[in-house]
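Okay, everyone, thanks for coming. Let me put the model on the screen and then talk you through some of the contacts in it.

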Amino acid sequence: LYLNHGDLNRHLPRVETMANEATGRDLRIGGELQLTLWPTLRLQIGDVSLANAPWSDEPDMLRLGQLDLSIDPLSVFLGPIVVENLDLRDLHLLVEQSESGESNWQLGESADDSPAAAEPGGTGDGELPLLVQQINVSGVTVIQRQPGTEDREFRLEVLEVLRGTEGAEISGRGELLQRPLALAGSVSALQDPELPQAIRLELAANLDLLTLQLEGQVADPMEMDGAEIDAVIDIPEIADLLAIVEQELPLSGPLRLEARITQHQGELHVVADATVQDLTASADLELENEHLSGTVSAGPLDRAGALFDVAGLPAQPLEVKAELSLGGEELQLREVLLTIDEARIEAGGSAAMDGSSADLQFKATAPSLAGLRADLPALPLDAESRLRLDPKYLKLESLRAELGSSDLSGELSLG
């Protein structure tokens, strides 16, 4: 009875204090807090703001005009929880990085220190399944800000999710890259008794400059695991998109990208193919526990060279095979192999993620340099060296090279 009719606003300072302790940021609630329990469990709150990182010139990271959440009260006890309506209005989110690389969305303790991060792969027994009947979102603005670049803004004017007899229908409109954006799609149960939580999704986005189509299934939406998604991106004129993102590349004409994305038990697998003009590119990549491996191919090189006024390149593609470890502040190159026809470059070692230092081993072989470029001599190459890079010096150690009947050995140091 008190929650239905009592004044909860006198507890707002305590709520703000708890949020401050949890996030390390000031939470301010300027509007009233209203809570009713019956016949619908309903929470209404407005004029909410979350302070930005102390190094930012902007005072707020997030501002929310109004949140109106309605839940079937019996579902809280009987399950699954039924969200009858979620109404979100006038949300402004600023996502930025500082000059030193700090991110303003890093709140409170780091993910590595949290209890959840310390025990990966839980059973999920504590999860609360949700059934959402209706979502209405309006007036959303997301701004991405990085040092040395112009702000990028995404606006979502309206997003509606309405649950029907066979699933949820999605529709929305907004703006991205100063172009109109339209969304349409559906989410439905997969109807597989072995995967009771699995969903099937279909989503189409039209950005004027491009169209995106997603289709597939997710076995466990709560953990975003067991995903099998097919994606297709069509860009009628790549030059228009490059101009919008301020990239100067001599490309024109349509671009098509097809990809299949799967994720199972923390392992992400992406297979993609792209075509633009006479160029093709393909990739087959796997990422697991910060370990990246796979192959990439692009070419033919003579067509790519023609775009940049570089003549004499071979008609074969460039193929890359790599196995990398991305953890911490160091990149480990376990195996990197670049091939162009019969020419090979092998590399291994380590490098700082910021490029300040490196310790790499190189080996290059080619039956004829003329096979790499027509104006090079038709001589075989066999070379290897160790590269050591530090802020104070650059060294080539154990340098050995054989070019035809000539050979070279020694060391080179700069700095």
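So, D382: its relative accessible area is 25%, which makes it partly exposed, because buried would need under 20% and exposed over 50%. Keep in mind that this is a predicted model. D382 has a salt bridge to R400, with the closest N and O atoms 3.3 Å apart. That pair ties together distant parts of the chain: D382 sits in strand β22 (residues 381-390) and R400 in strand β23 (residues 393-403), 18 residues apart.

Which other residue does R400 bridge to? That would be E384, where the closest N and O atoms are 3.2 Å apart. Again we're going from β23 to β22, with R400 and E384 16 residues apart. R400 comes out at 25% relative accessibility, so partly exposed, and E384 counts as partly exposed too, at 33%.

While we're in this part of the chain, have a look at Y393. K395 lies over the face of its ring, 4.9 Å from the ring centre. And if you like ring-ring contacts, bad luck: the structure holds 0 aromatic pairs.

Okay, back along the chain to another set of strands. Strand β10 (residues 179-189) runs antiparallel to β11, joined by 8 bridges, and S188 stands opposite R200 in β11. β11 (residues 199-206) is in turn joined to β12 (residues 211-220) by 8 bridges, also antiparallel. Those two, β11 and β12, make a hairpin with 4 residues between them, and D208 in the turn has a positive phi of about 70 degrees. If you want a register check, A204 is opposite Q213 in β12. Then β12 pairs with strand β13 (residues 225-235), antiparallel over 9 bridges, with V218 facing A227 in β13.

Now, what does R200 meet in a salt bridge? It's the side chain of E215, at 2.7 Å from N to O. R200 is in β11 and E215 in β12, 15 residues apart. R200 is partly exposed at 29%, and so is E215, at 39%.

For the whole structure, the search finds 25 salt bridges. There's also a network of them linking E153, R155, E157, R173 and E175.

Last stop, something without charges. L37, W38, L74, V76, F77 and L78 make a nonpolar surface patch of about 700 Å². W38 lies in the loop between β2 (33-36) and β3 (41-51), and with a relative accessible area of 57% W38 is exposed.

Note on methods:
Residues numbered from 1 in each chain as written. Predicted model: local features only at pLDDT ≥ 70, side-chain atom pairs only at ≥ 80, totals over all residues. Heavy atoms only, no water. Patch = residues over 30% accessible without salt bridge, like charges linked within 9 Å, V, L, I, M, F, W, Y side chains within 5 Å. Areas by Shrake-Rupley, 256 points an atom, 1.4 Å probe, with all protein chains shown as cover. Salt bridge = Lys/Arg side-chain N within 4 Å of Asp/Glu carboxyl O. Buried < 20%, exposed > 50% of the residue type's maximum accessible area, 1.4 Å probe, protein only. Phe/Tyr/Trp six-rings, centres within 6.5 Å; stacked < 30°, edge-to-face > 60°. Lys NZ or Arg CZ within 6 Å of the ring centre and 35° of its normal. Pairing = 2+ DSSP bridges.
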